[in-house]
Amino acid sequence: MDRPIYVAASILSADFARLREEVMAVDAAGADRIHLDVMDGHFVPNITFGAPVIKAIRSASPKIFDVHLMIEPADPFLEAFADAGSDSLTVHAEAGPHLDRSLQAIRALGKKAGVAINPATPEDAIEYVLDRLDRILVMTVNPGFGGQSFIPAVVDKIRRIREMVGDRPIEIEVDGGVAPETAGLVAAAGANVLVAGSHVFKGGSQEAYAANIAALRTAAETARSRAAA
Ligand code: DX5
Ligand code: ZN
């Protein structure tokens with residue numbers, strides 16, 4: 001059974017000077033989740049924000065806070081991100097030698113556990129941790145920046161991951177360059193969570209955000225039902 005399509009708004013493309021209002025606006029505009037990109041300037045060539053910022057905006061929305069950790073190492077910081085109010089913590093398979101341990105630590109903190117894989121990382125990197133996972137975040141750009149172009153070669157990998165997952169209760173999330181033109185491709189391949197930053201925040205108003213989110217959802221749902229027909 002296919003899971004519903006969920007849209008996660010990446011606040012990387014929000015107006016940081018009005019971060020709280022922006023989170024409230026995408027929530028009211030119909031985003032299913034809030035996606036928070038934590039970058040350390042070491043694992044990825046950019047720095048964003050950490051646990052205190054997440055804590056400060058936690059009360060702006062009751063929706064799932066989906067925290068994408070682009071940090072190396074991640075393990076020493078998991079507790080701080082859990083305490084800040086994250087619902088789900090995703091670590092990169094490339095960011096540490098003990099992925100299995102990191103995933104156990106996330107679940108021990110009572111949070112949903114995710115693993116992210118970069119475009120060049122093959123799906124076998126996660127083959128032996130599937131039973132420790134609630135979500136797999138398939139990067140469709142090289143992590144570090146919003147507004148990059150979708151890498152089409154990754155669509156095949158999504159399809160293979162969908163087969164690997166089988167009936168396990170694992171979500172497949174896609175992040176990077178997701179817009180209506182690409183949402184259909186990834187949804188037909190088996191992804192059910194669409195992370196989008198620049199596409200969602202285009203237009204700068206709650207009305208624009210609602211239309212942007214609806215367009216993503218429609219593109220994904222249409223492509224998925226076509227693929228199933
Ligand atoms: C990139 C981040 C993404 C980013 C996506 O490293 O993980 O979540 O916000 O941005 P867009 O949707 O603009 O490609
Ligand atoms: Zn992300």
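Start by selecting Val53, which sits in helix 2 of this predicted model. Val53 has a relative accessible area of 29%, so it counts as partly exposed. Now add Arg20 to the selection and draw a line between the two C-alpha atoms: they are 10.0 Å apart in space, with their positions 33 residues apart in sequence.

**Helix 1 and its surroundings**

Next, colour helix 1, residues 19-28. Which of its residues are buried? Pick out Leu19, Glu22, Val23, Ala25, Val26 and Asp27. To see what covers these buried residues, show strand 1 (6-10), strand 2, helix 2, helix 7 (198-201) and helix 8, which are among the covering elements. Then step just past the end of helix 1 to Gly30, where the backbone takes a positive phi of about 105°.

**Salt bridges across the chain**

Stay with helix 1 for a moment and show the side chain of Asp27. It forms a salt bridge with Lys63, at 3.0 Å from N to O. This pair ties together distant parts of the chain: Asp27 belongs to helix 1, while Lys63 lies in the loop between helix 2 (51-57) and strand 3 (64-70), 36 residues away. Are the two partners buried or exposed? Asp27 has a relative accessible area of 15%, so it is buried. Lys63, at 23%, is partly exposed.

Move on to Asp32, and select Arg217 along with it. Their closest N and O atoms are 2.8 Å apart, making another salt bridge. Here the partners are 185 residues apart: Asp32 is in the loop between helix 1 and strand 2 (33-39), and Arg217 is in helix 8 (residues 206-228). With 24% relative accessibility, Asp32 is partly exposed.

For a salt bridge within one helix, go to helix 5 (residues 154-165) and show Asp156 and Arg159. Their side chains meet at 2.9 Å, N to O. Why do these two line up along the helix? They are three residues apart, so about one helical turn separates them. Asp156 is partly exposed at 41% relative accessibility, and Arg159 is partly exposed at 40%. Now select Arg3, Arg33, Arg135 and Glu171 together: salt bridges with shared partners join them into one network. The count of salt bridges comes to 13.

**Into the nonpolar core**

Hide the charged side chains and turn to the largest nonpolar core, which has 67 residues. Which members touch the most others? Select Ile11, Leu36, Ile54, Leu69, Phe81, Ile136 and Ile158. Centre the view on Phe81 and show its contacts: leaving aside residues up to four places away in sequence, Phe81 touches Val38, Gly50, Ala51, Ile54, Val67, Leu69, Ile71, Ser86 and Leu89. Apart from this core lies another, of five residues, including Phe43, Val44, Met70 and Ala95.

**The zinc site**

Finish at the zinc ion, ligand 2. Which protein residues donate to it? Show His35 (NE2), Asp37 (OD), His68 (ND1) and Asp175 (OD), which lie 2.0 to 2.3 Å from the zinc ion. Along the sequence, these donor residues follow the spacing H-x1-D-x30-H-x106-D. Two of the donors, His35 and Asp37, are both buried. If you add angle labels, you will find six donor atoms with angles of 69 to 168° among them, and the site is octahedral.

How values were computed:
Residues numbered from 1 in each chain as written. Chains lettered and ligands numbered in written order. Predicted model: local features only at pLDDT ≥ 70, side-chain atom pairs only at ≥ 80, totals over all residues. Heavy atoms only, no water. Donors = N, O, S within 2.8 Å, 3.2 Å for Na, K, Ca; no water. Tetrahedral: all angles 85-135°; square planar, octahedral: opposite > 155°, others 65-115°. Buried < 20%, exposed > 50% of the residue type's maximum accessible area, 1.4 Å probe, protein only. Core = buried A, V, L, I, M, F, W, Y, C linked by side-chain atoms within 4.5 Å. Contact = heavy atoms within 4.5 Å. Salt bridge = Lys/Arg side-chain N within 4 Å of Asp/Glu carboxyl O. Helix = DSSP H or I, 4+ residues; strand = E, 2+ residues; numbered from the N terminus.
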